[in-house]
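Biologist: I am new to reading protein models, so could we go through this one together? I will ask, and you can show me how to reason from what is on the screen.

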Amino acid sequence: SMIVVLITFVVANELTADVKESFCKRPHFVEHSPGFVSMQVLSPQDAPNEIWLLTTWEDEQSYRQWHHSHLYRESHAGIPRGLKLVASATQLRFFDLVCC
């Protein structure tokens, strides 16, 4: 019953490299969240301003508890100031993990 949560967004200004660096230097709070399994941050080679955040969880409830936690909010403290996103390109999708 594991799930994968895919968050995609597109950086609208010149801060793409800073956003990518902030993910690499993130405080890793999510790794200690109950039900967390793994996380990958991807950027398509043909669309470098696009970022995909792929997290795997034991169940949807674990993700939702993380998403509503104070650590979730604190984990976003490293977001570069002045970041602008293409609002229409931001998506949150849930997938059932069928097999690995």
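Biologist: Which exposed residues sit on the face of helix 1 turned away from its buried side?

Modeller: Helices (H or I, at least four residues) and strands (E, at least two) are DSSP runs, numbered from the N terminus. Buried means under 20% relative accessible area, exposed means over 50%, and partly exposed is in between (1.4 Å probe, protein chains only). On the face of helix 1 turned away from the buried side, the exposed residues are Ala17 and Cys24.

Biologist: Before we go on, what pLDDT do local features need here?

Modeller: Residues are numbered from 1 along each chain as its sequence is written, and side-chain values use heavy atoms, leaving out hydrogens and water. This is a predicted model, where totals for chains, interfaces and linings use all residues, side-chain atom pairs count only at pLDDT 80 or more, and local features need pLDDT of at least 70.

Biologist: Within what arc do the buried residues of helix 1 fall?

Modeller: Helix 1 spans residues 16-24, and Thr16, Val19 and Phe23 are buried there. They line one face of the helix, because, seen down the axis of helix 1 (the arc is that of the directions from the helix axis to the C-beta atoms), they fall within 65 degrees.

Biologist: And which strands are included in what covers those buried residues of helix 1?

Modeller: A useful idea here is contact, which means heavy atoms within 4.5 Å. The cover of the buried residues of helix 1 includes strand 1 (3-10), strand 2 (36-42) and strand 3 (50-57).

Biologist: How many bridges join strand 1 to strand 3?

Modeller: Strand 1 is itself mostly covered, with seven of its eight residues buried. Two strands pair if DSSP finds at least two bridges between them. In strand 3, Glu50 stands opposite Val10. Strand 1 and strand 3 run antiparallel, and the number of bridges joining them is eight.

Biologist: Which residue of strand 4 is the bridge partner of Ile7?

Modeller: Strand 1 and strand 4 (residues 91-96) also pair in the antiparallel sense, over six bridges. Across that pairing, the partner of Ile7 is Leu92.

Biologist: Is Thr8 buried or exposed?

Modeller: Thr8 belongs to strand 1. Leaving aside residues up to four places away in sequence, Thr8 touches Ile51, Trp52, Ala89, Thr90 and Gln91. Its relative accessible area is 9%, so Thr8 is buried.

Biologist: Why do the buried residues of helix 2 lie on the same side of that helix?

Modeller: An α-helix has 3.6 residues a turn, so residues three or four places apart point the same way. In helix 2 the buried residues are Ser62, Tyr63 and Trp66. They are on the same side of helix 2 because around the axis they cover an arc of only 100 degrees.

Biologist: What do those buried residues of helix 2 pack against?

Modeller: Contacts give us the answer here too. The buried residues of helix 2 pack against strand 1, strand 3, helix 3 and strand 4.

Biologist: Which residues touch Ser33, not counting those up to four places away in sequence?

Modeller: Ser33 is in the loop between helix 1 and strand 2. Its relative accessibility is 12%, so Ser33 counts as buried. With residues up to four places away in sequence not counted, Ser33 touches Trp57 and Trp66.

Biologist: How much space lies in the largest pocket?

Modeller: On a 1 Å grid over the protein atoms alone, a pocket is an open set of points with protein on both sides within 12 Å along at least five of seven lines, and lining residues have an atom within 4 Å of a point. Grid points are joined across faces, edges and corners, and a volume is the space filled by probe spheres set on the points. For the largest pocket, that space is about 620 Å³.

Biologist: Which residues of its lining are closest to the centre of the largest pocket?

Modeller: The elements giving two or more residues to the lining are strand 1, helix 1, strand 3, helix 2 (60-67) and helix 3 (70-75). Of the 28 lining residues, the closest to the centre of the largest pocket are Phe23, Leu53, Ser75, His76 and Ile79.

Key
On a 1 Å grid over the protein atoms alone, a cavity is a set of points where a 1.4 Å probe fits but cannot get out, and a pocket is an open set with protein on both sides within 12 Å along at least five of seven lines; lining residues have an atom within 4 Å of a point.
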